[in-house]
Amino acid sequence: MDMADTASLNDRSSELWTIFAERFFPSLLRLLVALLMVALTSWMAAGIVQFVFELRKVLDTGWAKLAEQAIINSLIMLAMLEVIRTLQSYLVLGRVRVTFILDTALVVLIGELMGLWFREYAPEKVLLGLGVIVTLVVLRITTARFSPESNPASAIAESEKSFR
């Protein structure tokens with residue numbers, strides 16, 4: 001094999017890698033994200049069906065215990081909806097917005113805090129949870145306020161930079 005053959009082989013393998021990285025990999029990733037969304041949605045549907053069937057236990061276990069479980073399960077469902085919303089934004093935009101990640105984290109942490117409401121808990125754990133929630137709320141407000149999508153002048157400046 002001489003130098004020309006080696007260079008030609010390197011160029012060809014570079015071309016194949018570029019085709020894979022630009023065409024097949026993004027399609028494969030979108031397919032996997034879509035399958036994950038279908039699995040999460042199916043899991044949520046099964047949870048709703050199970051929740052409805054558990055309503056008949058009200059007479060056996062009492063309303064308060066079932067209400068506690070309903071609140072916790074509802075918060076888990078909301079967290080799953082936020083995850084699905086994040087995955088949908090990835091499929092549409094090709095990226096994940098920070099605000100969606102923060103929304104998901106907030107829903108999950110608020111759900112955890114609500115779960116502590118029904119159990120014995122250490123005050124330190126509640127204060128830690130509240131501190132994290134306040135921090136995430138501040139981050140959420142900051143990302144919404146300084147997002148290029150919510151500030152048209154900033155978005156135009158960013159698009160002009162990309163053309164230079």
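**Exercise 1. Trace the salt-bridge network that links Glu82, Arg85, Asp103 and Arg140.**

Step 1. Start with what we're working on: this is a predicted model, where local features need pLDDT of at least 70, side-chain atom pairs count only at pLDDT 80 or more, and totals for chains, interfaces and linings use all residues. Residues are numbered from 1 along each chain as its sequence is written, and side-chain values use heavy atoms, with hydrogens and water left out.

Step 2. Get the total. A salt bridge here is a side-chain nitrogen of Lys or Arg within 4 Å of a carboxyl oxygen of Asp or Glu. Searching the whole structure turns up three of them.

Step 3. Begin in helix α3 (residues 63-93), where Glu82 sits. Its side chain pairs with that of Arg85 at 3.2 Å, N to O. Both residues belong to α3 and are three residues apart, about one turn of the helix. An α-helix has 3.6 residues a turn, so residues three or four places apart point the same way.

Step 4. Move on from Arg85. Its side chain also meets that of Asp103, at 3.5 Å, N to O. That pair joins distant parts of the chain, with Arg85 in α3 and Asp103 in helix α4 (residues 98-117), 18 residues apart.

Step 5. Finish at Arg140, whose side chain forms a salt bridge with Asp103 at 2.5 Å, N to O. Arg140 is in helix α5 and Asp103 in helix α4, so this pair ties together parts that are 37 residues apart in sequence.

**Exercise 2. Sort Glu82, Arg85, Asp103 and Arg140 into buried, partly exposed or exposed.**

Step 1. Fix the cut-offs: buried is under 20% relative accessible area, exposed is over 50%, and partly exposed is in between (1.4 Å probe, protein chains only).

Step 2. Take the acids. Glu82 has 15% relative accessibility, so it counts as buried. Asp103 comes in at 12% and is buried too.

Step 3. Take the arginines. Arg85 is partly exposed at 31%, and Arg140 is partly exposed at 25%.

Step 4. Look around Glu82. Leaving out residues up to four places away in sequence, it touches Asp103, Thr104 and Val107, a contact being heavy atoms within 4.5 Å.

**Exercise 3. Work out whether the end-to-end distance of α3 agrees or disagrees with its expected span.**

Step 1. Use the rule: the expected span is 1.5 Å times one less than the number of residues.

Step 2. Apply it. With 31 residues, α3 should span 45 Å; its end C-alpha atoms are 44 Å apart, so the two agree.

Step 3. Check what follows. Just after α3, Gly94 has a positive phi of about 80 degrees.

**Exercise 4. Find the helix with the lowest mean pLDDT.**

Step 1. Lay out the fold. There are six helices and zero strands, called as DSSP runs (helices H or I, at least four residues; strands E, at least two) and numbered from the N terminus.

Step 2. Check the overall score. The protein averages a pLDDT of 79, and 85% of the residues score at least 70; pLDDT is the predictor's confidence in each residue, from 0 to 100.

Step 3. Compare the elements. Helix α6 (residues 152-163) has the lowest mean, 45, while helix α5 (residues 123-145) has the highest, 89.

Step 4. Zoom in on the weak stretch. Over residues 154-164 pLDDT stays under 50, and the model has two contacts there beyond four places in sequence. Where pLDDT is low, the predicted coordinates should not be read in detail.
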